[in-house]
Amino acid sequence: APLPPTEDCAICLVPLSRAGNRIQSCCGNPICKACFLDNRESIKKQKNAGKKVAVTCPFCREPDPTDHDEEYAMIQARCLKNDHTAFRQMSEVYRNGELNTPKDELKALDCCIRAVELGSPAAC
């Protein structure tokens with residue numbers, strides 16, 4: 001049987017491993033750990049040099065959410081646009097009770113099913 005398609009890092013285009021990656025709440029792009037850490041290090045260097053710098057997504061440059069409610073709202077906004085990655089993220093949020101939401105297996109399953117319907121190769 002053929003292997004399922006893999007996602008690539010939105011920045012360096014290296015195939016992503018299963019662990020250590022980050023899906024950005026703002027744009028839904030998968031970012032490898034190395035690119036994410038490089039971005040954080042660049043921001044840290046600029047701040048240490050006295051520059052006023054906002055912490056942003058390494059791909060779309062949207063400011064990072066400042067709290068769980070803002071992150072939840074970003075993911076929810078992408079769900080309203082039928083973004084399969086957002087539904088996959090929301091499934092994890094409900095499954096694990098993250099971002100100040102209670103665990104809800106039924107909502108997690110609903111989001112997972114919606115992600116599959118929208119074409120997510122990695123949902124569920």
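A residue counts as buried when its relative accessible area is under 20%, as exposed when that figure is over 50%, and as partly exposed in between. With those labels in hand, here is a tour of the structure, which is a predicted model.

Let's start with the whole chain. The protein chain contains 4 helices and 2 strands, and reading from the N terminus, the order is β-β-α-α-α-α. The C-alpha trace spans about 50 × 35 × 25 Å along its principal axes. Out of 124 residues, 32% count as buried. The accessible surface adds up to about 7,900 Å², and carbon and sulfur atoms account for 54% of that area. What about contacts that link distant parts of the sequence? Taking contacts in the chain between residues at least 6 apart in sequence, 38% join residues at least 24 apart.

Next comes helix α2, which covers residues 68-80 and so has 13 residues. From the first C-alpha to the last, α2 reaches 18 Å, close to the 18 Å expected at 1.5 Å a residue. Just at the start of the helix, D67 has a side-chain oxygen that comes to within 3.3 Å of the backbone nitrogen of D69. Past the other end, α2 is followed by N82, a residue with a positive phi, near 60°.

Which residues of α2 are buried? The list is Y72, M74, I75, R78 and C79. These residues sit on the same side of α2, because the arc they cover around the axis is only 155°. On the other side of the helix, D69 and L80 are exposed. As for what the buried residues of α2 meet, they pack against α3, residues 84-96.

That packing leads on to the nonpolar cores. In soluble globular proteins, nonpolar side chains tend to be buried together. Here, the largest nonpolar core has 12 residues in all: Y72, I75, C79, A86, F87, M90, V93, Y94, L99, A108, C111 and A115. The elements that give two or more residues to this core are α2, α3 and α4 (105-117). The largest share, 5 residues, comes from α3. There is also a second, separate core of 6 residues, with C9, C32, C35 and F36 among them. Back in the largest core, Y72 is worth a look. Setting aside residues up to four places away in sequence, Y72 touches M90, V93, Y94, L99 and T101.

Now for the loop between α3 and α4, where three residues can be looked at in turn. E98 lies in this loop and has a relative accessibility of 35%, so E98 counts as partly exposed. The side chain of E98 makes a polar contact of 3.3 Å with the side chain of N96. Not counting residues up to four places away in sequence, E98 touches E92 and V93. E98 and H68 are 30 residues apart in sequence, yet their C-alpha atoms are 8.4 Å apart in space.

L99 is found in the loop between α3 and α4 as well. L99 is not a glycine, but it has a positive phi of about 55°. Is L99 buried or exposed? Its relative accessibility is 11%, so L99 counts as buried. L99 is also one of the residues of the largest nonpolar core.

N100 likewise has its place in the loop between α3 and α4. N100 has a positive phi too, of about 65°, although it is not a glycine. With a relative accessibility of 61%, which is over the 50% cut-off, N100 counts as exposed.

A different loop, the one between α1 (33-48) and α2, holds D64. Why does D64 count as buried? The reason is its relative accessibility of 13%, a value under the 20% cut-off. The side chain of D64 is joined to the side chain of R40 by a polar contact of 2.2 Å. Leaving out neighbours within four places in sequence, D64 is in contact with Q24, R40, V55, T56, C57 and E70.

Technical notes: Residues are numbered from 1 along each chain as its sequence is written. This is a predicted model: local features need pLDDT of at least 70, side-chain atom pairs count only at pLDDT 80 or more; totals for chains, interfaces and linings use all residues. Side-chain values use heavy atoms; hydrogens and water are left out. The expected span of a helix is 1.5 Å times one less than its number of residues. Buried means under 20% relative accessible area, exposed over 50%, partly exposed in between (1.4 Å probe, protein chains only). The arc is that of the directions from the helix axis to the C-beta atoms. Contact means heavy atoms within 4.5 Å. A polar contact is a pair of N or O atoms within 3.5 Å; within protein, one must be able to donate a hydrogen and the other to accept it, and residues adjacent in sequence count only if both atoms are side-chain atoms. A nonpolar core is a set of buried Ala, Val, Leu, Ile, Met, Phe, Trp, Tyr and Cys residues joined through side-chain atoms within 4.5 Å. Accessible areas come from the Shrake-Rupley method with a 1.4 Å probe; for residues, only the protein chains shown count as cover.
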